Amino acid sequence: MLRYSVLIYERTMIRALPQGLSKEQRMHDHDVMDSSNLTAITASDEVQLIRSAQHDPGSFGILYRRYVERVFRYVYSRVGSVPEAEDLTAQTFLSALENLPRFRNNGSFAAWLFTIARSKVMDYFRRRRFTQRIENLADSGKQDPLSEIVHSERVTALAKFIAELSEEERELLRLRFLCEVTYSEIAQVLHRSESAVKKAAQRTLARLHAQMEVFYE
């Protein structure tokens, strides 16, 4: 994912900064991409990072690195194409960077960012008039033939049940489990209360579990 991260970031910054990226900026950006302590960033740290990036677009890199993989996974799960997902991810961060001066810290940055990503994806489907796809993201490790058959049947059955969910239910599952967005942030993205989001997720998971139980009978 690192190579994609660097490419998307450079594409974003080149679009955002008319003068392009200097050699020093490129070296700094690659260092940012390689940083390994992003999970230790606290909410107050993030507020400071946002304020810094609002005054200096060049310091946007850490925020980018913190969220790029989750945004890319979300977009790819919607469009099913790596090149298209890379471009839409770049568009998402470009829009975030351009609108960052107007962002207010009374809301969640993650919720704001995923709202932008959803908007870019919806624009994409409106332009292309494509039918939405559900991608199988299950890992495919080496297994014996019988295990592979059982695993394949299980994945096929689950994919079928997921495809039968409403778009809002699928979107909720994408954001919660694929993108690791909190229920509070999902509530902001979907314009619903946090309790309603939690109940909807629990109902959806319970229904999928029941369907899988019937499948194995």
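The exercises below, each with a worked solution, concern side-chain contacts in a predicted model.

**Exercise 1.** Determine which parts of the chain are linked by the salt bridge between Glu169 and Arg207, and classify Arg207 as buried, partly exposed or exposed.

*Solution.* Begin with the contact itself, in which the side chains of Glu169 and Arg207 meet in a salt bridge at 2.7 Å, N to O. This pair links distant parts of the chain, since Glu169 belongs to helix H8 (residues 167-178) and Arg207 to helix H10 (residues 194-216), with the two positions 38 residues apart in the numbering. Finally, Arg207 has a relative accessibility of 33%, and it therefore counts as partly exposed.

**Exercise 2.** Describe the salt bridge between Glu171 and Arg174, state whether the two residues are buried or exposed, and identify the network to which they belong.

*Solution.* The side chains of Glu171 and Arg174 meet at 2.7 Å, N to O. Both positions lie in helix H8 and are 3 residues apart, which means that about one helical turn separates Glu171 from Arg174. As to accessibility, Glu171 is buried, and Arg174 is buried too. Widening the view, one finds a network of salt bridges that links Glu171 and Arg174 with Arg78, Arg118, Glu167 and Arg170.

**Exercise 3.** Assess the accessibility of the two residues in the salt bridge between Glu164 and Lys160.

*Solution.* The side chains of Lys160 and Glu164 form a salt bridge at 2.8 Å, N to O, one of 13 that the structure holds. The relative accessible area of Glu164 is 49%, so this residue is partly exposed; the cut-off for exposed is over 50%. Lys160, at 46% relative accessibility, likewise counts as partly exposed.

**Exercise 4.** Work out the geometry of the aromatic pair Phe60 and Phe93, and explain what the pair ties together.

*Solution.* The structure holds 9 aromatic pairs. In the pair formed by Phe60 and Phe93, the rings are 6.3 Å apart, centre to centre, with 65 degrees between the planes, and the arrangement is edge-to-face. Phe60 lies in the loop between helix H3 (43-55) and helix H4 (61-79), whereas Phe93 lies in helix H5 (residues 82-99), so the pair ties together parts that are 33 residues apart in sequence. Phe60 counts as buried at 1% relative accessibility, and Phe93 counts as buried at 0%.

**Exercise 5.** Identify the members of the aromatic cluster that includes Trp112, and locate Arg176 relative to the ring of Tyr183.

*Solution.* The cluster consists of Tyr67, Phe103, Phe109 and Trp112. Arg176, for its part, lies over the face of Tyr183, at 4.5 Å from the ring centre.

How values were computed. Residues numbered from 1 in each chain as written. Predicted model: local features only at pLDDT ≥ 70, side-chain atom pairs only at ≥ 80, totals over all residues. Heavy atoms only, no water. Salt bridge = Lys/Arg side-chain N within 4 Å of Asp/Glu carboxyl O. Buried < 20%, exposed > 50% of the residue type's maximum accessible area, 1.4 Å probe, protein only. Helix = DSSP H or I, 4+ residues; strand = E, 2+ residues; numbered from the N terminus. Phe/Tyr/Trp six-rings, centres within 6.5 Å; stacked < 30°, edge-to-face > 60°. Lys NZ or Arg CZ within 6 Å of the ring centre and 35° of its normal.
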